[in-house]
2 protein chains.
Amino acid sequence: MNGADILCETLLANGIDTCFANPGTSEMHFVAALDRQPGMRCVLGLSEGVVTGAADGYARMAGKPAVTLLHTGPGLANGLANMHNARRARSPMVNVVGDHASYHLQHDAPLTSDIDGLARPMSHWVGRIEGVGDLRVRTEAAIRAALTGAGGIATLILPADAAWSAASGGAPEAILRPRPDPVDGQRVDAAARALGNGRPTTILVTGTALRAGPLEVLDRISQKTGARVMAQQANGRMQRGAGRVALDRVPYVIDQALAAFAGTEQVILVGAKAPVGFFAYPGKPGSLLPEGCSVIEIAGPDGDLPAAVEALAEAVGAFEAPPARLAGREMPDLPGGALTPDAIAIALARIMPDQAIVCDESVTSGRDFFRSTYGAAPHDFLQLTGGAIGIGIPMATGAAIACPDRKVIGLQADGSGMYTLQGLWTQARENLDVVTIIFANRRYQILHGELKNVGAGNPGENARRMLDLDRPTLDWVNLARGMGVEAARATTAGTFHDLLQAACRHRGPFLIEAVI
Amino acid sequence: MNGADILCETLLANGIDTCFANPGTSEMHFVAALDRQPGMRCVLGLSEGVVTGAADGYARMAGKPAVTLLHTGPGLANGLANMHNARRARSPMVNVVGDHASYHLQHDAPLTSDIDGLARPMSHWVGRIEGVGDLRVRTEAAIRAALTGAGGIATLILPADAAWSAASGGAPEAILRPRPDPVDGQRVDAAARALGNGRPTTILVTGTALRAGPLEVLDRISQKTGARVMAQQANGRMQRGAGRVALDRVPYVIDQALAAFAGTEQVILVGAKAPVGFFAYPGKPGSLLPEGCSVIEIAGPDGDLPAAVEALAEAVGAFEAPPARLAGREMPDLPGGALTPDAIAIALARIMPDQAIVCDESVTSGRDFFRSTYGAAPHDFLQLTGGAIGIGIPMATGAAIACPDRKVIGLQADGSGMYTLQGLWTQARENLDVVTIIFANRRYQILHGELKNVGAGNPGENARRMLDLDRPTLDWVNLARGMGVEAARATTAGTFHDLLQAACRHRGPFLIEAVI
């Protein structure tokens, strides 16, 4: 038994049994230890953006962390962007980053880098194992950090000599459990009083308060008090569809976002932050709230949000209100003709199976998805939370591993999809039940809009060369097939509808290049 | 005129006229400013690993930095692994990383992260522009840092409000020049004395001392003194082939590397570091030098290496030695049958055009490339310098942009190639003259070897799932075509030879999937 065995056993004893990995030489003893643990499922990603993005998608759906296996500083660096998204989603994650043997660091061998420094900006907790003796304690600390509050990114640095040194085993430790912050009665009372003062109020929600149950309670509060309930702009996971509360999100586009709060005099935050612009724009405010708008936070991001919502409902007497207003099962008519984002949303509303998991990185193309899908079959909706593009394909991959009996549907912008297209191979390798819809507008459409906002006029040659994905166009059917995923192209609404229907009847990965 | 215009003009005034980019909203004013500068060539990469890897390849061949345009912390993070390689190659690079407007940072909007903290581990210099007033001075400082010594990674953080604020122009500044450290006569004298003491000596070389001219001088020193000249294991750029000095590198495999220095009693370093194992292995030393071996550094990595070599030749009277022993133009016979790495090397030796640029990320498959190619047409040989895989395709891309009249040949392992395959699209977009040879062994072959070294025996299910690239195999022909690059597959030596010959006659990107 060596240090790596201790690490594996401590993870397994705490229910962490899925490892997204891309190993290197310094992790070979860890790989050998994983090889001795049939209870650990090891999933290879062909770049680390796939590894950490899949761990995020997995955590959002499994409600527990996966472990990632990353190779030294550069391997970690490749995974940081999707760790950033996971950090914003408050997904629990335990990253194990291999490093040189501790005594080898003095030589500054080519792969040496400041791993601790790289990890810190995107981690809630960073720890370095000093030797085999503190391996179990540090691993437990990492797991505890991942399970603190809503969830944290814990990065554990594992020097090769700690992994390979002989160790004596012991009984696995008791299982660690997530510990959200308890409800603060005073804050709840303050919010309840505010809800009684008659001023226009928005309850802004994220996190576990966006599950079907708490949303029904929030809807009762809304009916009782007249307050509006909204989800924040980006959320890790949200339950919606027929039979569930139909909820809007704060818009992304700055002018729409400002308009959404124009009449609001007080905001009650449930896990959410006071709303701000995604970016700053010359001459426009950073905060979305009108001057003088008051803010009451009943529970922070680490709080027990469902309990806080229940407490607020009790305090305002919302449980006396009639049952919540829930979306009906609606089937908008499918338009004919050329394929549009709206036609895609309508086809999804009609075809999406019950309990689908929708992973959204459609960026501009998916902005109208909500409008047509309030009455779609009940589904979970997972978003890009941190603005770091390249989460979509990996997130769908991880969600499918967490929930093998549910259909995963990826809404994927083409520009963002190219960041981590390698994840398609993992979908093929693991035969995951994922339909990826590529919104092929062949440009960074969002940046064309932003360039216009900047007042730069029509893009010239240099700007077009940085914002367009043409010359040549990407052929996603070939790309998918190159990684073992079956694929087809749709240019009309009708073809798309038929392909989606076939893909939803079929089990296993499939990609539709939707040319819009 | 705004801050972004000042930035562009300062770059151009210093000869930095190539921008590898993947922009986002916070960089839109910089994009608009670049759009006003037809003298700046903007090259889009579909992920930031392509952007920084191309900037590295460009710098190695152009001998000057490119500028990169990266989008906030996550965009920088995606580019860090190849910045690490560039840092180890001592390639000059100026990274411009956009950030939120300075007054927006307080809101911790979703894309906010500690950019300075992320940049530091992989940069020689990090600076943040505080306002439009210090934009020119900070930009000059970044350029100066990139041009200091052998070359540095300079990362300049550009808040959006500094870019968009009005600025007054001025005359472009005088052009900054690289400044290597001057030669230290005392060190040269010490080395010359050591070369006269009759003890077995190795002169270990890297950097600009690996160009054809200094290598001839080093060969004269070798003939005069009996010392052995070797290149360090990984080098940014090395000139070799027929008519040039035939030079060995320090082997990668630890036992071979230790054997290479077994008889050495003193080492003279020319830009190189005292040799160490790429990784640590249980029970094996970290330093490759025998106990008691003395080390003399005549010039450090930032030194004027060609001048130091000349000074050493003078000091030992090497210019009296006969002309250097140079490799003849040899044409090994092409083997028949199944395709092997050796057959690929021999085909290259026979077919590679004069002044080709060979970008090597073939990992295990290319270890015998040197043996068959000492007498190939003269070429530049660029390596993976920092061990962060995913440099190959981007490096070839950047080298081809720096040298449009030379053929670029990428020796690319399949596992590493998948990290940044997106670079193929840039090759198609820019119609770059690159032949990419994928060594398709369908596994992380190096890790199979390392797992064996670890004593883990035959890999089981979990290990195989992390080390093999099968189930399904990657189809590189489809992947390349998906990005607009023509491609074909070879499984025999004969087919490979014919494909390579056709690819070398044709101009523009081509990919050969070499199934070995």
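**Figure legends: close-up views of a predicted model**

**View 1. Ala145(B) belongs to helix α6 of chain B, which spans residues 135–146.** The model is a predicted one. Ala145(B) has a relative accessible area of 15% and is buried, because anything under 20% falls in that class. Leaving aside neighbours within four places in sequence, the contacts of Ala145(B) are Trp125(B), Gly152(B) and Ala154(B). For orientation, Ala299(B) is 154 residues from Ala145(B) in sequence, and their C-alpha atoms are 20 Å apart in space.

**View 2. Helix α1 of chain B, residues 3–13, is largely enclosed by the rest of the structure, since nine of its 11 residues are buried.** The buried positions of α1(B) are Gly3(B), Ala4(B), Asp5(B), Ile6(B), Leu7(B), Cys8(B), Thr10(B), Leu11(B) and Ala13(B). Their cover includes helices α2 (28–35), α6 and α7 (160–164) of chain B, together with strands β3 (67–71), β4 (93–99) and β6 (153–159) of that chain. Helix α6 of chain B, one of these covering elements, is the helix that holds Ala145(B).

**View 3. Pro121(B) lies in the loop of chain B that runs between α5 (115–119) and β5 (125–128).** With a relative accessible area of 11%, Pro121(B) is buried. Apart from neighbours within four places in sequence, Pro121(B) is in contact with Asp114(A), Gly117(A) and Leu118(A) of chain A, and with Arg87(B) of chain B. Leu80(B) is 41 residues away from Pro121(B) along the sequence, while the C-alpha to C-alpha distance between them is 8.9 Å.

**View 4. Helix α2 of chain A, residues 28–35, has seven of its eight residues buried and is therefore largely enclosed by the rest of the structure.** The buried residues of α2(A) are Met28(A), His29(A), Phe30(A), Val31(A), Ala32(A), Ala33(A) and Leu34(A). Helix α2 of chain A occupies residues 28–35, and the UniProt annotation described in the next view covers residues 1–109 of chain A.

**View 5. Two segments of chain A carry domain annotations in an unreviewed UniProt entry.** Residues 1–109 of chain A are listed there as "domain: Thiamine pyrophosphate enzyme N-terminal TPP-binding". This segment of chain A is 48% helix and 18% strand, and its end C-alpha atoms are 28 Å apart. For residues 384–513 of chain A, the UniProt annotation reads "domain: Thiamine pyrophosphate enzyme TPP-binding". Over residues 384–513 of chain A, helix accounts for 45% and strand for 17%, with 20 Å between the end C-alpha atoms.

**View 6. Chain A as a whole contains 20 helices and 18 strands.** Its radius of gyration is 24 Å, close to the 24 Å that the globule rule gives for 516 residues, so chain A is as compact as a globular protein of that length. The C-alpha atoms of chain A fill a box of roughly 65 × 60 × 45 Å along the principal axes. Of its 516 residues, 65% count as buried. Among the contacts in chain A with a separation of 6 or more, 81% join residues 24 or more positions apart. The accessible surface of chain A comes to about 16,200 Å², and carbon and sulfur atoms make up 49% of that area. Chain A bears 45 positive and 51 negative side chains, and the centres of these two sets are 4 Å apart.

Terms used. Residues are numbered from 1 along each chain as its sequence is written. Chains are lettered from A and ligands numbered from 1 in the order in which they are written. This is a predicted model: local features need pLDDT of at least 70, side-chain atom pairs count only at pLDDT 80 or more; totals for chains, interfaces and linings use all residues. Side-chain values use heavy atoms; hydrogens and water are left out. Helices (H or I, at least four residues) and strands (E, at least two) are DSSP runs, numbered from the N terminus. The radius of gyration is taken over C-alpha atoms; the globule rule is 2.2 Å times the number of residues to the power 0.38. Buried means under 20% relative accessible area, exposed over 50%, partly exposed in between (1.4 Å probe, protein chains only). Contact means heavy atoms within 4.5 Å. Accessible areas come from the Shrake-Rupley method with a 1.4 Å probe; for residues, only the protein chains shown count as cover. Lys and Arg count as positive and Asp and Glu as negative; His and the chain ends are not counted. The place of a charge is taken as NZ of Lys, CZ of Arg, CG of Asp or CD of Glu. UniProt positions are given in the numbering used here, feature names are shortened, and annotations may be inferred rather than shown by experiment.
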